[in-house]
Amino acid sequence: MRCFVTGGTGHIGSYLVRLLLEQGYQVAALIRPTSDPWRIKDVLNRLQIIPGDLAAMEEAAASVRSFAPEMVFHLGWYGVGSSHRNDPAQVTQNLAGTLKLLQLASESGCQRWICLGSQAEYGLCDGVLTEELPVRPVTLYGATKLSVGLLSQKLCETYNVGFTWLRLLATYGPMDDQQHMIPYVILTLLRGQSPALSPGEQRWDYLYVEDAARAIWQAATMPAAQGVFNLGSGEAATVKSIVERIRDMIDPSLMLDFGAVPYRPDQVMCLQADISRLQQATGWAPQVSLDEGLKRTVEWYRENCGRY
Ligand SMILES: NC(=O)c1ccc[n+]([C@@H]2O[C@H](COP(=O)([O-])OP(=O)(O)OC[C@H]3O[C@@H](n4cnc5c(N)ncnc54)[C@H](OP(=O)(O)O)[C@@H]3O)[C@@H](O)[C@H]2O)c1
């Protein structure tokens with residue numbers, strides 16, 4: 001099976017690339033010439049690297065056609081971090097690039113298109129997210145994800161390509177970007193400092209990154225897993241309890257200053273994925289508990305804090 005991956009240098013993509021190689025698939029990855037592929041440096045020699053950028057997909061057209069992917073895993077996205085939530089380049093880089101990639105892939109005989117959406121497509125929802133909820137994105141990130149999802153679904157119907165869109169909540173795990181909450185808290189506590197924290201009563205759904213990669217792969221292999229699915233752990237824990245667990249793993253005597261940072265004016269107090277649709281379609285279920293995932297994550301940062 002020939003799999004084409006975008007975002008393979010990213011947090012989730014790096015785990016997916018490794019999983020696909022373990023399954024014996026032939027993997028090609030679109031990698032920007034400016035990218036630092038540190039997360040996948042140990043497997044780079046087993047990949048076909050296609051230099052390219054979503055902002056200029058035409059330049060990679062010949063290489064995509066020549067690889068002729070049977071499956072595309074599209075995880076690459078300009079502007080994943082919160083600082084880019086309303087950056088107009090979200091639209092210009094991701095929308096046209098994604099649709100061009102889909103066109104190229106379908107012309108090359110691709111049968112399956114698996115793409116990462118986001119809970120941001122639902123907007124400011126509080127509670128358990130089902131796929132039936134209305135989509136009312138409030139950021140350009142959410143609006144662009146929704147637009148890419150709707151357009152690629154229609155194009156997949158037109159091109160007769162199987163379509164899977166996974167609306168992910170939040171992942172965590174080793175090698176994550178330090179701007180995200182869990183690595184920020186771990187790294188700050190490892191330095192013996194106190195992280196800047198809100199009161200922390202909001203309840204969040206965090207999925208361990210290996211479970212996320214396995215869900216993406218299993219969805220791709222299941223003919224029934226077509227359409228839109230939520231992806232998360234299906235459970236929510238308070239930010240406070242997550243931070244306290246991390247603190248206890250690092251140094252129980254460290255003080256935590258909950259409330260030093262106020263809630264956002266539009267603070268959502270509970271985000272939890274209903275994952276029953278995905279589970280029924282794929283048989284997938286998360287395997288790594290929050291305690292175990294946090295333990296592995298803390299250990300990784302403890303050993304690799306020099307990188308940050
Ligand atoms: N992490 C989460 O909790 C979460 C939640 C909801 C949805 N998602 C979605 O899941 C996907 C993967 O997320 P992640 O956390 O793994 O993101 P990440 O670590 O920030 O990785 C983003 C990837 O996209 C690539 N990329 C960025 N701009 C590009 C461009 N113009 N052309 C080609 N590649 C480009 C990056 O390459 P470089 O190495 O060159 O930077 C990197 O490989 C994204 O689509 C994201 O929106 C993630």
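**View 1. Polar contacts between the ligand and Gly10, Ser35 and Tyr141 in the predicted model.** A backbone N or O atom of Gly10 is placed 3.0 Å from an oxygen atom of the ligand. The side chain of Ser35 also takes part, with an N or O atom 2.7 Å from a ligand oxygen atom. For Tyr141, a polar atom of the side chain is found 2.7 Å from an oxygen atom of the ligand. The ligand taken alone would expose 900 Å², and 88% of that area is buried by the protein.

**View 2. The shell of residues around the ligand.** The shell consists of 23 residues, of which Thr9, Ser35, Asp53, Tyr141 and Lys145 come nearest to the ligand. Ser35 and Tyr141 thus appear here again, each having a polar side-chain atom 2.7 Å from a ligand oxygen atom. Sorted by class, the shell contains 11 nonpolar, nine polar and three charged residues. Two or more shell residues are given by each of helix 1 (11–22), strand 5 (112–118), helix 4 (140–159) and strand 8 (170–172).

**View 3. The crossing of helix 1 and helix 6.** Helix 1, one of the elements that give two or more residues to the ligand shell, is shown with helix 6, which spans residues 209–221. Their axes come within 9 Å and cross at roughly 60 degrees. This angle makes helix 1 oblique to helix 6, because it lies neither under 35 degrees nor in the range of 65 to 115. Helix 1 passes helix 6 with right-handed geometry.

**View 4. The crossing of helix 3 and helix 4.** Helix 4 likewise belongs to the elements that give two or more residues to the shell around the ligand. Its partner in this view, helix 3, comprises residues 89–107. The two axes come within 10 Å, with a crossing angle of roughly 15 degrees. Helix 3 is therefore roughly parallel to helix 4, as the angle is under 35 degrees. The crossing of helix 3 with helix 4 is right-handed.

**View 5. The crossing of helix 7 and helix 9.** Helix 7 covers residues 239–250, and helix 9 covers residues 290–304. The axes of helix 7 and helix 9 come within 10 Å and meet at an angle of roughly 50 degrees. Helix 7 is therefore oblique to helix 9. The handedness of the crossing between helix 7 and helix 9 is right-handed.

Terms used. Residues numbered from 1 in each chain as written. Predicted model: local features only at pLDDT ≥ 70, side-chain atom pairs only at ≥ 80, totals over all residues. Heavy atoms only, no water. Near = heavy atom within 4 Å. Polar contact = N/O pair within 3.5 Å; in protein donor to acceptor, adjacent residues only side chain to side chain. Areas by Shrake-Rupley, 256 points an atom, 1.4 Å probe, with all protein chains shown as cover. Helix = DSSP H or I, 4+ residues; strand = E, 2+ residues; numbered from the N terminus. Nonpolar A, V, L, I, M, F, W, Y, C, P; charged D, E, K, R; others polar. Axes fitted to C-alpha atoms, helices over the stretch in contact; angles between N-to-C directions. Parallel < 35°, antiparallel > 145°, perpendicular 65-115°, else oblique. Left-handed = near helix turned anticlockwise from the far one by under 90°.
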